[in-house]
Each structure stands twice: as structure tokens, then as C-alpha cells.
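Please open the model in a viewer and keep the sequence panel visible. The tour below proceeds by selections, each followed by a description of what is found there.

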Amino acid sequence: MDPLSEVLSLLKPRSYLSSGIDAGGEWAVQFSNQADTIKCYAVVSGECWLAMEGVPEPLRLEKGDCLILPSGRSFRLASDLAIPPVDSKTIYRSVRLGSVVRINDGGGLLLAGSRFAVAGKHAGFLLSMLESEQAALRWSMERMMAEMYEGQPGGLLIAQHLAHMMLVQALRVHLTEGASGDANWFVALADKQIGAAINAMHADPAFRWTLQELADRAGMSRSKFALRFREIAGETPMEYLVRWRMLLATDKLENSGDSIAMIAIAVGYESESAFRTAFKRIMGYTPRQFCHGREQIAQTADLGTGR
């Protein structure tokens, strides 16, 4: 898979809430407890304000805007930010999945949205790779809202697939248009030369990559490649490679049933001891500690369900 698909695969996103908001008059809704979630919103018609925790300036959303909120921070949507907000749990309490929430009889704002749970063990680590972006995804959002309003058989499933499409499309637009600002993974992947090196690492993570070989893939001298990679991605090429290998290893430990020795070879380590050392340095615990902690969680869940 390409790097974007691989990151989304490790995140294991699943839409467990797809719904619309039809708001009118004066209103404000507070969305709290957003840990390990990705929010994807699209404004079908109307406009509103978005205020996010930790971000000093609010953002005005208008018809055609689409954005992804991957940070897990609390946020507020409102017609006027001076209005005291209502908790989102209150307005969604009696609403079925795939339907439209009406506020004050609606008529002012139509908003299509999905909340994705991310099931990967290190979702927070991977979510830090993703940046919010606006993009005009007209067909997807209008089709999703139509499915919510019409209530036809299979509408919920279609809305969920459309929500996943919106997520991938918005990330793709961000990637193809490039990004600006602080060093981040999307800027690096959008860069033709640095992106070529990242694609090479993702295509064969077990290969014994050297700085020179990656620089050759980028078509740059070794010194210029190392400097540019760090400036754009915020880490060295070798740091990126090791971190990606450890994320792949974590996924294998969690899901494959392979032995630690087999996983070490699969992610590019000739010895289990070298893999253990790298895993402990990057993840903060040994592979066995990770597996033991996962077993304890499973046992606790079994006790809680009476199995």
C-alpha cells in the first residue's frame, strides 16, 4: 500500500456515528471527550463558527467547506460563540445513527459529519501525523445528507461508506495540494523528492536502508537529503524509518500471532535482541511487556462480560 493508505490502515478507522445537523436560530453545541477519534465535517448549506480548545482564533465555516479534526481536542460549533453551549450528548441522546439532528426547527445550517473511532493501539501517535484541512467535497457531502434525510433501506451503510470516502478524499486533497507551516508528515509526503524516499521505506520497511540509498531514491546528495528531510519531517530519515518499523511491529504483536523473532525479521532486524532494544527505546516498553499488557486487558474484558 501507499504510505497514506498504510497510516489509515494502522489507525483502523470505523465510523460509529454518521449524522447531520440541521440548525436554525441561535444555537451552540459543545463536543467534549474526543480522545482517539477523528471528526470529519462538511457544510452542505449555511454557515457557523468553529472554536477549538487550544486554538486562539475561531474559524468561520461556510457552504462547501470540509474539515477533519484529528487532534482529539474539545470543540464548539455555534451560530454565535457568545451563546452558552449545550453538550452534544444532549442533542444526540434520542437520535438514531444516520439521521439528522434538528436544532430550533432547523433551516439555517446543514452539516454532514462522522465521528470515527480509531482502534489501533497507538492511535494517538498516528493521529499526530494528520493535519486538519478544508476541501470542497460537494458530491460526497450532498449524497450523505440525502441518505440521512430519505431514510431508505441501507441508508446508514451508504452514509458510513461516504463518510470514509470523505475522510480519505480530504486527506488526499491535503496531500496533493501540499501544506504549509510547521514540519509534518504530510508536507514531507507531498514533497516529490522526500516523498519518494518515504514511499521507498514504506514499500520495503525490512530492507537495510542506508542514508545514501534513500538519498539516491530522492535524487539528492546525502547531505542535502538529510538536511531537507529533517527540516520538512521534523526528524531524521533513520528516525522515521525506525519509528515506522516499530508501529508496524506493534500492529503485528497485537494482531498477527507471530513470534517476536518472526516480527523482528519482518520489520528489518537480524536479531531479536536488536529488535527488543529498538522497540524499548521507541515505545517505552519491551515487546513482551506490550503482549503481557494486552493479555491483561483481554482478561479484564472477559471477567467484565462474564465469559
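Begin by selecting Phe-225, which touches Ile-194, Ala-197, Leu-211, Leu-214, Ala-215, Ala-218, Met-220 and Pro-237, residues up to four places away in sequence not being counted. Contact here means heavy atoms within 4.5 Å.

Before continuing, note the conventions. The model is predicted, so local features need pLDDT of at least 70 and side-chain atom pairs count only at pLDDT 80 or more, whereas totals for chains, interfaces and linings use all residues. Residues are numbered from 1 along each chain as its sequence is written, and side-chain values use heavy atoms, with hydrogens and water left out.

**The nonpolar cores**

Phe-225 also belongs to the largest nonpolar core: of its 43 residues, Ile-198, Phe-225 and Phe-275 touch the most other members. The greatest contribution to this core is that of α10, with nine residues. Next, select Ala-23, Leu-50, Met-52 and Phe-75, which are among the 21 residues of a second, separate core. A nonpolar core is a set of buried Ala, Val, Leu, Ile, Met, Phe, Trp, Tyr and Cys residues joined through side-chain atoms within 4.5 Å. Buried means under 20% relative accessible area, exposed means over 50%, and partly exposed lies in between, with a 1.4 Å probe and protein chains only.

**The whole chain**

Now display the entire protein as a cartoon. Its secondary structure comes to 13 helices and ten strands; helices (H or I, at least four residues) and strands (E, at least two) are DSSP runs, numbered from the N terminus. Of the 307 residues, 47% count as buried. Among contacts between residues at least 6 apart in sequence, 75% join residues at least 24 apart. The accessible surface comes to about 15,100 Å², of which 51% belongs to carbon and sulfur atoms; such areas come from the Shrake-Rupley method with a 1.4 Å probe, and for residues only the protein chains shown count as cover.

**Helix α8**

Which residues of α8 are buried? Select Leu-214, Ala-215 and Ala-218 to see them. They lie on the same side of α8, because they cover an arc of only 105° around the axis; the arc is that of the directions from the helix axis to the C-beta atoms. The cover over these buried residues includes α7, α9 (222-233) and α10 (237-255). Add Asp-216 and Arg-217, which are exposed on the other side of α8. Then move to Gly-219, which follows α8 and has a positive phi, near 70°.

**The loop before α8**

Select Pro-205, in the loop between α7 (192-203) and α8 (211-218). Pro-205 counts as buried because its relative accessibility is 14%. Residues up to four places away in sequence aside, Pro-205 touches Leu-241, Trp-244, Arg-245, Leu-248 and Val-267. One of these contacts may be checked with the distance tool: the C-alpha atoms of Pro-205 and Leu-248 are separated by 9.0 Å, with their positions 43 residues apart along the chain.

**Aromatic rings**

A pair of aromatic rings is described by the distance of the centres and the angle of the planes. The structure holds eight aromatic pairs. Rings of Phe, Tyr and Trp (its six-membered ring) pair if their centres lie within 6.5 Å; planes under 30 degrees apart count as stacked, over 60 as edge-to-face and the rest as tilted. Select Phe-207 and Trp-209: their ring centres are 4.6 Å apart and their planes stand at 65°, so the pair is edge-to-face. Phe-207 is partly exposed, at 34%, whereas Trp-209 is buried, at 9%.

Proceed to Tyr-285 and Phe-290, a stacked pair with 6.2 Å centre to centre and 15° between the planes. Tyr-285 counts as partly exposed at 22% relative accessibility, and Phe-290 counts as buried at 4%. Extend the selection to Tyr-269, Phe-275 and Phe-279, which ring pairs link with Tyr-285 and Phe-290 into a cluster. Add Arg-245, whose charged end sits over the ring of Tyr-269, 5.6 Å from its centre. A charge sits over a ring if NZ of Lys or CZ of Arg is within 6 Å of the ring centre and within 35 degrees of the ring normal.

**The loop between β9 and β10**

Finally, select Asn-104, in the loop between β9 (100-103) and β10 (109-118). Its phi is positive, near 55°, in a residue other than glycine, and Asn-104 is partly exposed at 46% relative accessibility. Asp-105 is found in the loop between β9 and β10; its phi is positive, near 70°, and Asp-105 is exposed, with a relative accessible area of 75%.
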